[in-house]
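The following paragraphs lead the reader through a protein structure, from its overall make-up to single residues. Please keep the sequence and the model in view while reading.

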Amino acid sequence: MRCGMGRGSLVYGDTLGLQRKSEPLISSPACPGAEEFNIDVVREKDICWEYAEKLDGNKVRCKFCLRVLNGGISRLKHHLSRLPSKGVNPCSKVRDDVTDRVRAIIASKEDVKETPIGKKQRVAEAKPVGIVCSSKSLMPLETPSPVTKVFATMTPMGNSSLNNQENAERSIALFFFENKLDFAVARSSSYQQMIDAVGKCGPGFTGPSAEALKTMWLDRIKSEVNVQSKDIEKEWAMTGCTIIADTWTDNKSKALINFLVSSPSRTFFLKSVDTSSNFKNTKYLADIFDSVIQDIGPENVVQIIMDSSFNYTGVANHILQNYGTIFVSPCASQSLNIILEEFSKVDWVNRCILQAQTISKFIYNNASMLDLMKKFTGGLELIRTGITKYVSNFLSLQSILKQRSRLKHMFNSPEYSTSSPYANKPQSLSCISIVEDNDFWRAVEESVAISEPFLKVLREVSGGKPAVGSIYELMTRAKESIRTYYIMDENKCKIFLDIVDRNWRGQLHSPLHSAAAFLNPSIQYNPEIKFLGSIKEDFFNVLEKLLPTPDTRRDITTQILTFSRASGMFGCKLAMEARETVPPGLWWEQYGDSAPVLQRVAIRILSQVCSSFSFERHWSTFQQIHSEKRNKIDKETLNDLVYISYNLKLARTKSVEADPLQFDDIDMTSEWVEESEHHSPHQWLDRFGSALDGSDLNTRQFSASMFSSNDPIFGL
């Protein structure tokens, strides 16, 4: 236990007790066994043990989220503090008062470490000493903010020994740490814009108050976002648009539908609707979709994309019966993810994934091993975090395959065999056995070979760009790649092609996909394409739906021939050169004047997306529940905040080229890092707690659920 720096000062110890410097640490007859006291006993009495259950070895189980952690009480403290910490995932269910208390302990200990006296005290602590038996010594305290405590004596100008640049960076860092902000916030485009704008104001600038942010600035920014949406609406008359209905549910029948509108310029978030109490009521759901369609204008809507989280059969039938020119399509990315899921469940693929995870868990759960691995890989991560569990599996296998020689070198290196404390542990021996197993690496190579073509399709359709015209060809090529790879193994070829065909015919394929492929110039004029004849019937059926009367179909047969034979403007040199390089919708807009009716249809079809997948990564931006019990003003504020934040994120996605399948940071909760116990597929709902039951969702709850860094996959 550490003493204070001045006489009679109060300090935090490992047990969060109080000890005055004037009170000597001596053995007391009132304390039986005090002479046997040592540092391990002190740790066992750490106040944080009341928040954890000690397990075998050096493992503890958090009593809030029930997660098992390696590393004992120290790792638990970082887990409960919810501060971003290397290798420790923040607790999603810990109470705020516990978080404040634990952060105070951590901050106090680190503050003491910075002083020479603190170093001397640590030396003294390492020796067996007596213990003072006092009721005060184990008394929990109500603690102030860690930043307030640790930095209370510092002037507003910061540390005088630092230059202006360092002082500014230090102040920004403190703001992040005190408010538990995810480090990824610093990647947002508005982050540097804010700093530049403040810098131009010079000294004395005062930031907007909480009330100004909540009222005046919320209204202003919402108006700016509304203006952007009005500009986007202007293109709908020509290109049409897709309504995306993205549904999220949990095992307690909680459900939200998030409506987005996508067109070539960008995708726009419209609103989020809580359907928890009526998710089985087809009429209720149909009325919601009717309302959204009417808001957009039925004449502007080409298709509605629904995911398979709900049974939307009744709603889809309602739309098809009442809106003759609107198509209902599946989410292509969701269907592709199901294909990857079924791939990963094939026995030998699943065994390969589990073996690879044995290696990654061993490395990522031991700090010295993680440092050694990064030394051998040149700082590169061994695994990848994808948009879903199954994408993560195959992306990580790709990454491990690239690091094969480095992994073998590491496990056979003198640094590992002589310096690593884990070298002779059973888990280490298992990893060495796997790394040296040629059958394992052959399975990794094979898993990567069969999954890569479908990951490529997933990237193409998940980037938020119009991809409806290319998915048919992409899927055809992906299937051909499996046939080629397994040209000497018919049994394996059949296993994987059956998985693809079952999902392609049953879920993924849509007549709109066929029509778009037929109208795509890069497909229509490609002599290697063999499937045009098989999709012509779907193309004609789509034309009949979009051109329902004889007047609208006048000369359509002639125009189809003009297009397919590359006559008129379709055959000019510029049009021919642009077939492979210009987006098909734009190509028709520029060179389709020889077939005006078909041109109008082609532009509307080829301008659509075929997936909602790229937008799911923004789910944390609009995690809110609509409740009639909430104060109306608070509800409107939350709705406005979600509307603004989500649309700002979507705008940034459109301007930034990034892999739509992969996140920048490793998910420390994934099966590639640590074991999951009763892991819910929709854990984000747990962040709302009682709010899901209809009680008020106050600002603090909303902030924790919407902007916390507890889940790296959905972190802002």
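**Overall make-up**

The protein chain contains 31 helices and eight strands; helices (H or I, at least four residues) and strands (E, at least two) are DSSP runs, numbered from the N terminus. The model is a predicted one, in which local features need pLDDT of at least 70 and side-chain atom pairs count only at pLDDT 80 or more, whereas totals for chains, interfaces and linings use all residues. Residues are numbered from 1 along each chain as its sequence is written, and side-chain values use heavy atoms, with hydrogens and water left out.

Of the 716 residues of the protein chain, 49% count as buried. Here buried means under 20% relative accessible area, exposed means over 50%, and partly exposed lies in between (1.4 Å probe, protein chains only). The surface that the protein chain exposes amounts to about 35,300 Å², of which carbon and sulfur atoms supply 53%; such areas come from the Shrake-Rupley method with a 1.4 Å probe, and for residues only the protein chains shown count as cover. Among the contacts in the protein chain with a separation of 6 or more, 68% are between residues 24 or more positions apart, a contact being heavy atoms within 4.5 Å.

**A pair of strands**

Strand E5 (residues 255-262) and strand E6 (residues 267-274) offer a place to begin. The two pair in the antiparallel sense over seven bridges; strands pair if DSSP finds at least two bridges between them. A hairpin of four residues joins E5 to E6. Two of the bridge partners in E6 can be named: Thr267 for Ser262, and Lys271 for Phe259.

How many residues of E5 are buried? Eight of its eight residues are, and both faces of the strand are covered: Ala255, Ile257, Phe259 and Val261 are buried on one side, and Leu256, Asn258, Leu260 and Ser262 on the other. E6 is also mostly covered, with six of its eight residues buried.

**Two helices with a buried side**

An α-helix has 3.6 residues a turn, so residues three or four places apart point the same way. In helix H16 (residues 404-411), the buried residues are Leu407, Met410 and Phe411. They lie on the same side of H16 because they cover an arc of only 90° around the axis, the arc being that of the directions from the helix axis to the C-beta atoms. On the other side of H16, Ser405 and His409 are exposed. The cover over its buried residues includes helices H13 (347-364), H14 (367-377), H15 (389-402), H17 (414-419), H18 (426-435) and H19 (438-461).

Helix H27 (residues 584-591) has Pro584, Gly585, Trp587, Trp588 and Tyr591 as its buried residues. These cover an arc of only 160° around the axis, and therefore sit on the same side of H27. They pack against helices H22 (511-519), H23 (521-524), H25 (556-564), H26 (573-578) and H28 (596-606).

**The nonpolar cores**

A nonpolar core is a set of buried Ala, Val, Leu, Ile, Met, Phe, Trp, Tyr and Cys residues joined through side-chain atoms within 4.5 Å. The largest has 106 residues, and those with the most contacts inside it are Phe343, Ile363, Phe411, Phe454, Met475, Trp588 and Leu598. H19 contributes the largest share of this core, 11 residues. Apart from it lies another core, of 37 residues, among them Ala245, Ile296, Ile326 and Val642.

Leaving aside neighbours within four places in sequence, Phe454 is in contact with residues including Leu336, Phe343, Met475 and Ile482. Ile482, in turn, lies in helix H20 (residues 471-485) and counts as buried because its relative accessibility is 1%. With the same neighbours left aside, Ile482 is in contact with Phe343, Phe454, Cys493, Phe496, Leu497 and Val500. Its C-alpha atom is separated by 6.2 Å from that of Ile450, 32 residues apart along the chain.

**A buried threonine**

Thr377 is found in helix H14 and is buried, with a relative accessible area of 6%. The side chain of Thr377 reaches the backbone oxygen of Leu380 at 2.8 Å. Not counting residues up to four places away in sequence, Thr377 touches Gln403 and Arg406.

Technical notes. A polar contact is a pair of N or O atoms within 3.5 Å; within protein, one must be able to donate a hydrogen and the other to accept it, and residues adjacent in sequence count only if both atoms are side-chain atoms.
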